[in-house]
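Visitor: Hi, I've just opened this one and would love a quick tour. Could you start with the charges?

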Amino acid sequence: LCLAGAVLLWGTSFVAMKFALTGLPPLAVVWLRMTLASGLMALFWGRVPRAGRRPGDLRWLILVCLLQPCLYFALESYAVSLTTSSQAGMVSALVPLLVAAGAWAFLREGLSPRTLLGIAVSMGGVAWLSLSGRADENAPNPALGNLLELLAMFCAAGYMLLVKHLSSRYDSWHLTGLQAFAGAAFFLPGALLSGTGVSGWMAAPPEAWGAVAYLGCVVTLGAFGLYNLAVVRLPAAQAAASINLVPLVAVLSGWALMGETLAPAQMAACAVILCGVLLGQSGRR
């Protein structure tokens with residue numbers, strides 16, 4: 001149930017980001033959502049269970065916050081401004097395979113030839129999706145946008161592996177709060193220096209502010225809190241496999257709320273990505 005809630009929120013976050021970017025610069029959107037999430041977490045921080053910190057944990061906590069939200073949101077905010085929410089959502093299907101590859105590289109978990117083939121096929125699908133996209137009003141540079149989204153997925157995979165490593169002694173909401181606080185501090189300078197400044201933000205349309213409120217109060221806390229809660233009770237690879245449903249939610253929400261469509265070649269590329277993900281998942285027990 002926690003994973004289902006996280007997938008629903010993550011899937012709709014792509015189209016919410018597109019709405020937010022209609023009146024606000026990317027770094028301002030991320031800082032505002034992090035600040036909103038931090039304010040809500042501060043209200044309940046006294047009730048969050050304290051962590052059983054061990055020597056050496058500080059570097060892992062810093063790395064978690066650097067990967068997610070700092071690098072992840074910096075990359076994804078610009079990615080969604082350059083490509084459609086549907087294409088960005090499809091690229092996110094690679095996360096389970098990237099987690100499997102990371103578990104093999106850093107945790108010495110087995111990686112079957114079928115999983116390796118699935119990773120290669122999915123990467124080929126992402127390249128096809130990017131090259132077949134044509135620039136338009138919703139996607140001024142889909143190739144660059146999809147590349148930035150792919151880099152964001154590498155950050156997401158690293159975050160998921162580290163959270164699994166830390167979840168045995170850190171409460172899920174403790175980790176979520178640290179991520180929100182770190183993100184608010186990290187993105188403040190960029191937000192103040194981007195675009196037209198605070199005075200320009202006030203001219204943003206109501207739907208942009210509504211999207212920011214949804215991203216900060218619902219997605220940032222809800223999705224990451226639910227995922228962190230789920231990963232305590234499930235293996236990292238099994239929890240990451242739920243990300244396979246994010247593209248479906250992203251495509252449906254992009255079609256329903258923004259009228260986004262995919263060209264036939266892009267639909268074929270999406271099918272290749274999903275086939276590669278399914279192939280890679282079937283190669284691991």
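Guide: Happy to! The protein chain carries 15 positive and 9 negative side chains, and the centres of those two sets lie 16 Å apart. Keep in mind that this is a predicted model.

Visitor: Good to know. How much area does the protein chain expose, and what share do carbon and sulfur atoms supply?

Guide: The exposed area is about 12,400 Å², with 72% of it supplied by carbon and sulfur atoms.

Visitor: And the secondary structure, how many helices and strands are there?

Guide: There are 13 helices and zero strands. Reading from the N terminus, the order of elements is therefore easy to write, α-α-α-α-α-α-α-α-α-α-α-α-α.

Visitor: Ha, fair enough. What about overall dimensions, what does the C-alpha trace span along its principal axes?

Guide: About 50 × 45 × 30 Å. The radius of gyration is 18 Å, which agrees with the value near 19 Å that a compact globule of 285 residues would have.

Visitor: What fraction of the residues is buried?

Guide: Buried residues make up 53% of the 285 in the chain. As for contacts with a separation of 6 or more, 91% of them join residues that are 24 or more positions apart.

Visitor: Let's zoom in on a helix. What does α5 look like?

Guide: Helix α5 covers residues 95-106, twelve residues in all. From its first C-alpha to its last it reaches 16 Å, close to the 16 Å expected at 1.5 Å a residue.

Visitor: Which residues of α5 are buried?

Guide: The buried ones are Val 95, Pro 96, Leu 97, Leu 98, Val 99, Ala 100, Gly 102 and Ala 103.

Visitor: And which residue with a positive phi follows α5?

Guide: That's Arg 108, with a phi near 60°.

Visitor: Switching topic, where is Ala 37?

Guide: Ala 37 belongs to helix α2, residues 26-44. Its relative accessible area is 0%, so Ala 37 counts as buried.

Visitor: What does Ala 37 contact, beyond neighbours within four places in sequence?

Guide: Ala 37 is in contact with Ala 180, Gly 216, Thr 220 and Leu 221. For a longer-range pair, take Ala 37 and Leu 248: they are 211 residues apart in sequence, and 26 Å separates their C-alpha atoms.

Visitor: How about Ala 74, which helix holds it?

Guide: Ala 74 is in helix α3, which runs over residues 57-82. With a relative accessible area of 22%, Ala 74 is partly exposed, because the cut-off for buried is under 20%.

Visitor: Which residues does Ala 74 touch, not counting those up to four places away in sequence?

Guide: Pro 69 and Phe 187. You could also look at Ser 13: its C-alpha is 15 Å from that of Ala 74, and the two residues are 61 apart along the chain.

Visitor: One more region. Which loop does Tyr 170 lie in?

Guide: Tyr 170 lies in the loop between α7 (142-166) and α8 (172-193).

Visitor: Is Tyr 170 buried or exposed?

Guide: Buried, with a relative accessible area of 1%. If you'd like a distance, the C-alpha atoms of Tyr 170 and Met 258 are separated by 39 Å, with their positions 88 residues apart along the chain.

Visitor: And Ser 172, where is that?

Guide: Ser 172 lies in helix α8. Ser 172 is buried too, at a relative accessible area of 3%.

Visitor: What is Ser 172 in contact with, leaving aside neighbours within four places in sequence?

Guide: Gly 225, Asn 228 and Leu 229.

Visitor: Lovely, thanks for the tour!

Technical notes:
Residues are numbered from 1 along each chain as its sequence is written. This is a predicted model: local features need pLDDT of at least 70, side-chain atom pairs count only at pLDDT 80 or more; totals for chains, interfaces and linings use all residues. Side-chain values use heavy atoms; hydrogens and water are left out. Helices (H or I, at least four residues) and strands (E, at least two) are DSSP runs, numbered from the N terminus. The expected span of a helix is 1.5 Å times one less than its number of residues. Buried means under 20% relative accessible area, exposed over 50%, partly exposed in between (1.4 Å probe, protein chains only). The radius of gyration is taken over C-alpha atoms; the globule rule is 2.2 Å times the number of residues to the power 0.38. Contact means heavy atoms within 4.5 Å. Accessible areas come from the Shrake-Rupley method with a 1.4 Å probe; for residues, only the protein chains shown count as cover. Lys and Arg count as positive and Asp and Glu as negative; His and the chain ends are not counted. The place of a charge is taken as NZ of Lys, CZ of Arg, CG of Asp or CD of Glu.
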